[in-house]
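User: Please take a close look at a single part of this model, the salt bridges, and set out the details carefully.

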2 protein chains.
Amino acid sequence: MLNRIKNIRQQLTSAERRVADWVIENPNSVINRTLADIASVVDVSEPTIVRFCRSIGTSGFRDFKTRLTQHLAVTEHVVHADVSAEDDAEQIIAKVIGRSVKELIGVQQRLNASAVEKVVEALISVSRIDFYGIGASGFVVADAQNKFFRLGIPCNAYNDSPTILQAASITNPEYAVVVVSKTGSSKTVIEAAQTAVALGAKVIAITSPGSALADIAPQNLLVDINEDTGLYTPMSSRLAQLAVLDTLQVAVALRMGDRGQHSLDKTKQILSSTAKRQRR
Amino acid sequence: MLNRIKNIRQQLTSAERRVADWVIENPNSVINRTLADIASVVDVSEPTIVRFCRSIGTSGFRDFKTRLTQHLAVTEHVVHADVSAEDDAEQIIAKVIGRSVKELIGVQQRLNASAVEKVVEALISVSRIDFYGIGASGFVVADAQNKFFRLGIPCNAYNDSPTILQAASITNPEYAVVVVSKTGSSKTVIEAAQTAVALGAKVIAITSPGSALADIAPQNLLVDINEDTGLYTPMSSRLAQLAVLDTLQVAVALRMGDRGQHSLDKTKQILSSTAKRQRR
DNA sequence: CCATATTTGTAATTTTACTACATTAGTGAC
DNA sequence: GTCACTAATGTAGTAAAATTACAAATATGG
């Protein structure tokens, strides 16, 4: 919604643009104000505001207001405060999960669609995929390996430095290498990424923009994770990485068509028949 | 919001209750309808609806409408449609992550605060914690182990059947055992939970309500995960489990006070100094 | 610098929410 | 059972807010 306004801003007439600028500056104010109200603070006429609403694709001021309300409810649905020792369980639940929700929505908005498309192209063009991640990212790559494996794609996940370095040294142009790292500054993953690039593998980095790793990898999915406020483990970055990999897996599965669906069905079938056998 | 209406329902007068029932049935319709509109379909007068709005704590119909809009935007912030082969990257990102967001918000609402409190009590009363999970839950418990370990709590995660059964057989009342399972029907985890309960360990299950595992474990955090629509791997359940464990870890850390904070600081310090050393 | 198109504002209209008051229905005492 | 009283609901009018029609002003090209 707000993005749409920003995108279309230059196509607007000057009075409408003044409205747009004010809305972008004070989105929350729109919800509690009336048409006349806004007209007077922005110093334009009421119809101008209605025209602005139509320009950005809504049917009128009323429609614009409800849509903005919905948009803001989602993007700002967060308990902004940090957890504190006085919080009871109810508050902790709200705050911890609220932060995760915020993080996911952030990824949803920041993740670059065309970059995703390119990465998907790369992933379906190779015959195997390796995932590298150390520390907290180690769990993420293990999960990713499982996900892609179920699509029938041969793949491995490595989470310790020596093995990652060895794995990188035996890659070739038939490999895609997905390197997951929050900071993108660990020596191991950088070295591994360099090696893989040199050997012709398609290297994809899921990391922070501007990091050393991001500079090396030709295809990047840069996820700009909000820095942790210091407290507690990096849940947010893990969640963001998982979300990116979920998206990639679904996108790859769709591009693979029946082949991927078939593999999925088979793995599911095995899982459920095992469960039944065990239940007896 | 809708919960509030349900709670207050019996205190309403009969005409107001008719309004409440209609709103609960058709919450989305409220957004696009006018006061007069709703009055005619519910077959009450307009002031009755305004009175209903006041009864549930809003200042009038307008206020009620925006609040409901916000509420629905958050709880239904989802592209309802499933992903399909025709979707482009943009839509896949929106749908996949949107579903995850929905799942998290669902957990946030369903997770029982008093149950969380009891579980936290149990976790801080023991000297070590074991995490059991097989298959997809295996990744979740590995992550949990890492999280709690950083608080300075001795703990282990097991993700294969024989090891889980062995681990359960050496538990004692000084152990807390956290069993993670989506279905709660796998033979291994049920058996392990039974063994641990018999040996006096505090057994906590993160699983579906009504499952066999839920019946065994004295303390349960029941997470009622929306069944997957069939497509793709169980991302939702994994996310829900992670969210529950995140919450538990934060709650435990807060209850531990300085002791937990101190351990966290130390582990963080080590991580960053290692990173620096590697960067040289 | 005039003609035309575009942008913006004024004022009237319509839609919508809200309020004051009247009517009806319900409840308990005798 | 009915009268008095209270609570609940509706009617009709009012105020407020959004929208529209049209006119004035501003910009643009020949």
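Analyst: **Salt bridges in close-up**

B:R238 counts as buried, since its relative accessibility is 5% (buried means under 20% relative accessible area, exposed over 50% and partly exposed in between, with a 1.4 Å probe and protein chains only). The model is predicted, so local features need pLDDT of at least 70 and side-chain atom pairs count only at pLDDT 80 or more, while totals for chains, interfaces and linings use all residues. Residues are numbered from 1 along each chain as its sequence is written, chains are lettered from A and ligands numbered from 1 in the order in which they are written, and side-chain values use heavy atoms, leaving out hydrogens and water.

The side chain of B:R238 meets that of A:D246 in a salt bridge at 2.8 Å, N to O (a side-chain nitrogen of Lys or Arg within 4 Å of a carboxyl oxygen of Asp or Glu). This pair crosses between chains, from helix α13 (residues 235-256) of chain B, which holds B:R238, to helix α13 (residues 235-256) of chain A, which holds A:D246; helices are DSSP runs of H or I, at least four residues, numbered from the N terminus. A:D246 is likewise buried, at 2% relative accessibility, and a network of salt bridges links A:D143, A:K147, A:D246 and B:R238.

Within chain B, the side chains of B:R9 and B:D21 meet in a salt bridge at 2.6 Å, N to O. Because B:R9 lies in the loop between α1 (2-8) and α2 (14-25) of chain B and B:D21 in helix α2, the pair ties together parts that are 12 residues apart in sequence. B:R9 is partly exposed at 29%, as is B:D21 at 28%.

Conventions:
Helix = DSSP H or I, 4+ residues; strand = E, 2+ residues; numbered from the N terminus.
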